[in-house]
Each structure stands twice: as structure tokens, then as C-alpha cells.
Amino acid sequence: MRAHPLKLFGLSVALVVWVLIAGNNGQAGWAQGCTVTVQPGQSIQRTISPAVEGAVICLTAGTFQDNVTISRSLVLRGVGREQTIIQGHEKLNPVIRVVSDAEIEVTIEGLTAIEANTGIKVQGKVKVALTNLQISSNGIGLTVQDLATVYLSNSQVSANEGSGLEVEGIGAVEIRESRFLDNSECGIAIWSGKVRVRGTPNEMQGNGADLCGFAPAALRKPLVPQTNQTQLVVPGDYTSLQEAVDAIAPGGMITVAAGTYREGVSIWKPLTLRGANPSQTTLRPRPGRHVVGAITAEGQGVRLEDVTVTGSQGVGLLIYGQLSLHNSQVYDNGNGLRVEGSARVSLITSSVFGNFTGLRVKDSSTVNLINTQIFTHQGFGLLVSGAAQVNLIISSVSGNFRGLRVKDLGTVNLINTEISDNELEGLFAVGSAQVSLRNSLVSLNGANGLSVGDSAELSLINSQIFLNGSHGLSAGDSAKIEIRDSIISGNGTDSHCQQAKPLVFEICNGIEVLDKAQLLLTDSIIKDNAAWGVAAWLKPCGYDVDFFTGRVTFAGKSVIESNNRSGNQKGKGNPGNHPFKSLPDGQVCLLR
């Protein structure tokens, strides 16, 4: 028997990776140095809990039903992954969890972890060596978080319902001589660019996509070697898209003939993938898989043209790199596109429709939508979070359950764009989001056209907000709104806005302000709305409490007329200190 001290990223790690010499099915090596031996029917956790630092816990052959938490330095050793199996007893907990805020060193070897939400979960400041394992049939195979350092070797991670390996945080991972097979999402997904990753090429087949996020191509053994060819045809030169991606020289073009291609593709190099046209060239996931295509952070200069991406219950395209999508369709997926990390994505003359959510854009990503339509999603058409930025130019977000939501530090700019016919709100901005609409339309949405809360800011310039079901614009919390050279008209089309004795939520104004919101209205037209043209949440305006301490400022020459179509504000005048007191009842209500 030989013992090898393990070195990870220059750090001396006092772990021992045992290399078992064949003989008696490894039993002689397995038994060496055991502090305690556990048999099926006995509790692994009850053995580990009182164990001393550095103990070697040996598991005999057989199946154990248990959930194991390790929070001190030790070795957990099975006879071999074909013989020692730990099956998750509580399915919502990991089969094995290694966690500590202190620096502990753990070795797990020679066993299989199956049938729980996570096979093995590593958290905290721990250093863990995993060797000769099988991690299968879990939600996620192996999860590494926080400052954890993990060395994975000579193991198989397969048939998990999510990804084989997911890594986030700021730790380190080394992967050698292992196999990632038939995982429904990603074979290896590195979600943080701060994780240190290295290893040898590992066998990867049958996954939703082999590599996702920041996972480097060096971890994957290609199906075929890269060539010097800059023009390839599928089928023809290669039967599969992934083979063609592996083989094409960086910057080359892959021409994909008409047909349906069922495979998950990972792209990490600059290339163009061109279909015949969207109605003829269709990309689908493998059966039972949840990714159609993944562009990793290494994948800069990727261009997809004339294709349809469809049929994934998870995500159509998962993008961490740089992608330009031209004349293409993304439909009937869980998420049409997920754009994360520092990705840069452009959709040009394309359509995203019929997914649960059209686009999710987060982190510090940037997306440009040019002459692109986002429509008929069961959830949001577009979700923007983190510090992401989305620019919509000559585009539309329509017919979704909810149109567009921006939160955190997200930024959205709409130019010559339409947000319309969404079942609930057209656009909802919260957090510290910044939204601008220029020469754009927000119309025919079932609830508010625009809703702005928290400390979000919205700028509306030369745009129209009309015929929305409830308010044209509702601003609350500490939101800041600037409206210039715009028209807000005909809002409050829902029947509840016409009630003779409206409840609070049935007062449907052109503009509603509440809490500490601030509004600057310049050279605009507010007309034909069901209740007030502009109203604060105050008792004189029909509300049950006074809930406005913000500020409304009028500048230039705005026109506020023909509001109060419901007639419910008749006899209330136009309360407040503002320039519109002499107008017919029901135009402006601001102060006590």
C-alpha cells in the first residue's frame, strides 16, 4: 500500500489518498488502519459523531441508509464504489455533508452516494479528497461552496437529475481521471469566476451540457481532436454538433443542414453555427436532459444563426460568454435564455416565445435586443437582476403573464420598444433599478402599465402609457420618476376601475404616487384616465389612509384633462397646492 500526500493549488493538505492494490477485492487495503468498522444496519452518523480527530471510519460492503454530516478531520472509507453504497435516508438532505468554519481535512473514498437532493455537499473552509467514488441518482451530484477545497479523482458522477458537479464561492477544485455521464443539466458547472479550477481532461458524455458557467474546457476530454478546418458541415463531416464544435478551428463556421438535432452542446471557442433557417434547423436537448446549449465564459465570439432552440424543461441557452443570436427562435423551454456572469449577448431579428420565462439576465451581464420579440410566456417575459443591463431597441415584450421585471442594480433602456398585452403589469422596477423609456409604448397590459418601488428610478421621455387595466404608472417607496414630453392616457380599462363606490385598489389613475415617491412631470399630457390624472395616496383622493410624504413637481406646460371617466371623483375638486386646481373635478389630487 502506498500513501500520497495531496497538494492542491500550492497548499499542503494533510490528506491521504489511498491507492489500493488489487487483492481479495481490495479488502486487505480497505482494512488497513481502521479506527472503527461500520456494517449495514448500523448508523454511520452515530459512529462519526463521537469519533476523534483523524479517525478512519471503515464501511463494509453493503447498502447503508443514512445521512452523514462530517465536521472534523477524518477518513470515511468504503470497500469500493461497487460494494459500499450509502443511500440517502432523508431525501431532502445530502447523503454526505462536509461542513466546518474551521479548516478541517477529510478523505472520502471507495463508496457510492445515491438518492438524495445532493450526493455530497462540501461547505465552509474544509479540504476534502474524494477518490474512487460513484455519485449517482441524486438531485445534484456534488456541490462545493464557500472557501472549500475539493480534490476529485478516479470517480464517476452520473445520472443526477441536476448537474453532476456545481461549484460556487471562492474555493478551489481539482478534477482528475473522472467521468461525468448522463447528468440532466451540466456535467460540470462552475458558477463563480473566483473559484480556482484545474485538472486533467475527464470523460464527459450524455449530459445536458458537459461544461457550464466558468468551467474551463481543459476539464473535458473532447469527442474528437481539434483540427485546422475552418468550414465543417453537420451531418457530413461529423454526425453530431458537439463533434463538430470539438473539431472546428477557432473562428470557423459549422453549417448545420435542415433537421432536428437532439443533443446538448457546450461551446467554449469562437465559432459560427449556421442553420438552414429557423423552420428547418432545430436544436433540442437529449431526451430527459435540461439544456440545449451552453456557452461558457471562455466562449467569446460565438454566433448562432438561423436556428430554433426548443424543448428543454430547464434552459434553452445558458450563456456565460459572448453570443450573437441572429434570425433565430427560442421557444417552449423552461427558461428561454439564462444570461449570467459577465456575459455579452445580442439578439438580432429573433423571437423568444412560449417559454415559462423568456430571458433571465443577472450578475454583470449585458444583453442587447434589436428588432426582437419576447412574447407569450407563462411567467415573465424578461427578468433583470444583479448589476445586469438590458437594452431593447425596436423590440417588443408582449402577451406574457408579466412583462418585464427589473430589480437590484439592474438597468433597462427601451428605445422605440413596445410593452403591451401582458396579463398583469407591463414593467415592474424595484430595488435600485434604473429604467428609461424613450420613444416607446406601454399599453393594454392587464394591471399597471408601469410599477416602480423601493429606490428604483424611471425616466419616461417622448413615450406613451395608455389603455392599461389599472394605473398607467404607480410609484411608491422612495422611487424617483421623471416624465417628459410623454402621454399617459386612457388607463383604468378594467371593469373594477368603473365601480360606483370603488375600493382602494379600484381607484385607477393615470399616475399614482405613494409613500416617499418623487415625480417630476414636464411638458406631458395626462388625459382620459378612469380616476385622477395624477393622484397621491391620501384621504381626499379617496384612499382610506394618508400615505404620501413625497413630492410632485410640475415643469413646463403639461396638459391634464378629461380624466375621471368613472365619474367617481365628481364633487372632490382638485385638492392640493398645484397649477391645476381650477380644472373640472377629478384631474389632480396631491395634498391635504
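## Exercises on rings, a pocket and unusual backbone

At 16% relative accessibility, Asp306 counts as buried. That value comes from a predicted model, as do the others used below. Let's work through a few exercises together.

**Exercise 1. Is Asp332 buried, partly exposed or exposed, and where do Asp306 and Asp332 lie?**

*Solution.* Start with the cut-offs: under 20% is buried, over 50% is exposed, and partly exposed is in between. Asp332 has a relative accessibility of 44%, so Asp332 is partly exposed. Next, find the loops. Asp306 belongs to the one between strand 30 (302-305) and strand 31 (308-310), while Asp332 is in the one between strand 34 (329-331) and strand 35. Now look at the backbone. Most residues other than glycine have a negative phi. Asp306, however, has a positive phi of about 55°, and phi of Asp332 is positive too, near 60°.

**Exercise 2. Find the cis peptide bond that Pro235 takes part in, and place Pro235 in the chain.**

*Solution.* Recall that most peptide bonds are trans. Then check omega between Val234 and Pro235: the angle is about -15°, and the bond is cis. Finally, locate Pro235, which sits in the loop that runs from strand 23 (231-234) to helix 3 (241-247).

**Exercise 3. Classify the ring pair of Phe554 and Phe580: stacked, tilted or edge-to-face?**

*Solution.* First comes distance: ring centres must lie within 6.5 Å to pair. There are 6 aromatic pairs by this rule. For Phe554 and Phe580 the centres are 5.0 Å apart and the planes stand at 70°, so the pair is edge-to-face, the cut-off being over 60 degrees. The two partners are 26 residues apart and link distant parts of the chain: Phe554 is in strand 60 (residues 551-555), and Phe580 is in the loop between strand 61 (559-561) and strand 62 (588-589). As a last step, the relative accessibility of Phe580 is 10%, so Phe580 is buried.

**Exercise 4. Trace Arg338 from a ring cluster to the largest pocket.**

*Solution.* Begin with the cluster, in which ring pairs link Trp191, Phe214 and Tyr320. The charged end of Arg338 sits over the Trp191 ring, 5.6 Å from its centre. Now turn to the largest pocket, with a volume of about 420 Å³. It is lined by 24 residues, and those closest to its centre are Arg338, Glu340, Arg360, Lys362 and Ser385. Strand 32 (315-319), strand 35 (335-339), strand 38 (357-361) and strand 41 (380-384) each give two or more residues to the lining. To finish, sort that lining by character: 10 nonpolar, 6 polar and 8 charged residues.

Key
Residues numbered from 1 in each chain as written. Predicted model: local features only at pLDDT ≥ 70, side-chain atom pairs only at ≥ 80, totals over all residues. Heavy atoms only, no water. Phe/Tyr/Trp six-rings, centres within 6.5 Å; stacked < 30°, edge-to-face > 60°. Helix = DSSP H or I, 4+ residues; strand = E, 2+ residues; numbered from the N terminus. Buried < 20%, exposed > 50% of the residue type's maximum accessible area, 1.4 Å probe, protein only. Lys NZ or Arg CZ within 6 Å of the ring centre and 35° of its normal. 1 Å grid on protein atoms, 1.4 Å probe; cavity = no way out; pocket = protein on both sides within 12 Å on 5 of 7 lines; lining within 4 Å. Points joined across faces, edges and corners; volume = space filled by probe spheres on them. Nonpolar A, V, L, I, M, F, W, Y, C, P; charged D, E, K, R; others polar.
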